[in-house]
Amino acid sequence: MRRIPRTVRRFALARRLAGGAFALCGLGHEVRAQDTVDVRSVRKAPLSISAGTAFNATFKVRNLNTEGRSARVSLSLPSGWQVIGGSGDAVIHAGAQDLLIFSVSAGRGTTAGRYVVQAHIDGGAGDSLVVAIDEHREIEVIPLDAPGWVATGAPVAARFLVRNRGNVTSQVVLEFSPMLSARQCISMKRSTAEQCLQVDMCYL
């Protein structure tokens with residue numbers, strides 16, 4: 001009987017083992033790398049805007065996988081804010097990235113301060129954009145009723161509607177002519193707050 005060299009036997013064994021390994025892979029489930037997608041805000045510094053205005057929230061979606069992925073991004077907004085444009089759906093090629101631009105309207109009655117627009121992505125890590133609402137001070141005073149004339153030394157009662165059209169709490173002082181002995185000081189809360197004020201005066 002012809003003797004097979006040892007190196008040939010080892011090579012044949014290696015081929016059988018390799019064939020068995022490929023057979024096992026063919027019989028088992030397809031093994032895929034763990035999905036790695038994320039979303040990042042393009043802007044790092046806070047965005048300063050006025051209440052009631054619209055702005056663009058731009059986010060970068062990255063696909064770190066070896067094959068293409070579908071991505072869906074959604075936003076969590078402060079109360080009274082809404083998305084008025086843009087789509088959160090994208091198909092990202094392997095190792096590529098894409099930009100998603102959302103148009104967001106900040107609520108007109110938003111108080112001055114900092115707010116967070118949070119971006120979420122299915123199956124991946126999210127990010128956020130900080131939006132700073134600038135202060136706006138505006139007080140409106142409307143006379144409601146007052147007598148057309150008054151005798152010297154007689155008391156006078158007048159009513160005013162004081163409305164805060166700004167987005168911060170404001171201190172309001174009503175001062176009158178030196179001939180009227182009256183002075184009122186009130187504190188008005190933030191936007192849309194209004195107060196009916198009666199002033200008792202005396203005409204000197």
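# Strands, sheets and rings in one chain

Colleague: Let's start with one pair of neighbours. Over how many bridges do S5 and strand S7 pair?
Modeller: Keep in mind that this is a predicted model. Gln82 is a good place to begin, as it stands opposite Ser105 in S7. S5 and strand S7, which covers residues 97-105, pair in the antiparallel sense, and the number of bridges is three.

Colleague: Which are the edge strands of the open sheet with the order S1-S3-S7-S5?
Modeller: This sheet has four strands, with antiparallel pairing. An edge strand here pairs on one side only, which picks out S1 (37-41) and S5 (82-85). From one strand to the next, the twist averages 40 degrees. The edge strands, then, are S1 and S5.

Colleague: There is also an open sheet of five strands. What is its order?
Modeller: Start at the edges: S2 and S6 each pair on one side only. Ignoring direction, neighbouring strands of this sheet are turned by 30 degrees against each other on average. Its pairing is mixed, and the order is S2-S9-S8-S4-S6.

Colleague: Which residue in S6 is the bridge partner of Arg72?
Modeller: S4 and S6 pair in the antiparallel sense, over four bridges. Follow Arg72 across to S6, and its bridge partner is Asp89.

Colleague: Moving along the chain, how many residues of strand S11 are buried?
Modeller: Strand S11 covers residues 155-164 and pairs with strand S10 (residues 139-145) in the antiparallel sense, over six bridges. One of the bridge partners in S11 is Phe160, which goes with Pro143. S11 is mostly covered, and out of its ten residues the buried ones number seven.

Colleague: Now the rings. Why is the pair of Phe59 and Phe102 called edge-to-face?
Modeller: Planes over 60 degrees apart count as edge-to-face. The ring centres of Phe59 and Phe102 lie 6.5 Å apart and their planes stand at 70 degrees, so the pair is edge-to-face. The two lie in distant parts of the chain, Phe59 in strand S3 (residues 54-63) and Phe102 in strand S7, 43 residues apart. Both Phe59 and Phe102 are buried, and the name for their pair is edge-to-face.

Colleague: At what angle are the planes of the Trp81 and Tyr115 rings?
Modeller: Trp81 sits in the loop between S4 and S5, while Tyr115 is in strand S8 (residues 113-121), so their pair ties together parts that are 34 residues apart in sequence. The ring centres are 5.6 Å apart. This pair counts as tilted because its planes are at 45 degrees.

Colleague: Is Tyr115 buried, exposed or partly exposed, and which word applies?
Modeller: Buried means under 20% relative accessible area, and exposed means over 50%. Trp81, at 7%, is buried. Tyr115 has 21% relative accessibility, so it counts as partly exposed.

Colleague: Which residue forms one aromatic cluster with Trp81 and Tyr115?
Modeller: This residue also belongs to those with the most contacts inside the largest nonpolar core, together with Phe59, Val61, Val73, Trp81 and Val131. Beyond four places in sequence, its contacts include Leu47, Ile49, Trp81 and Phe102. The third member of the cluster is Phe55.

Colleague: Which element gives the most to the largest nonpolar core?
Modeller: That core has 24 residues. The elements giving two or more residues include S1, S3, S4, S7 and S8. The one that gives the most, with four residues, is S3.

Colleague: How far in sequence is Val37 from Ala71, in what number of residues?
Modeller: Val37 lies in strand S1 and is buried, with a relative accessible area of 11%. Its contacts beyond four places in sequence include Arg62, Asn63 and Ile121. From C-alpha to C-alpha, Val37 and Ala71 are 7.9 Å apart in space, yet their separation in sequence is 34 residues.

Colleague: Finally, over which residues does pLDDT stay under 50?
Modeller: The protein chain averages a pLDDT of 77, and 67% of the residues score at least 70. Where pLDDT is low, the predicted coordinates should not be read in detail. The stretch where pLDDT stays under 50 has four contacts beyond four places in sequence, and it covers residues 17-33.

Key. Residues are numbered from 1 along each chain as its sequence is written. This is a predicted model: local features need pLDDT of at least 70, side-chain atom pairs count only at pLDDT 80 or more; totals for chains, interfaces and linings use all residues. Side-chain values use heavy atoms; hydrogens and water are left out. Two strands pair if DSSP finds at least two bridges between them. Axes are lines fitted to C-alpha atoms, for helices over the stretch in contact, and angles run from 0 to 180 degrees between N-to-C directions. Buried means under 20% relative accessible area, exposed over 50%, partly exposed in between (1.4 Å probe, protein chains only). Rings of Phe, Tyr and Trp (its six-membered ring) pair if their centres lie within 6.5 Å; planes under 30 degrees apart count as stacked, over 60 as edge-to-face and the rest as tilted. A nonpolar core is a set of buried Ala, Val, Leu, Ile, Met, Phe, Trp, Tyr and Cys residues joined through side-chain atoms within 4.5 Å. Contact means heavy atoms within 4.5 Å. pLDDT is the predictor's confidence in each residue, from 0 to 100.
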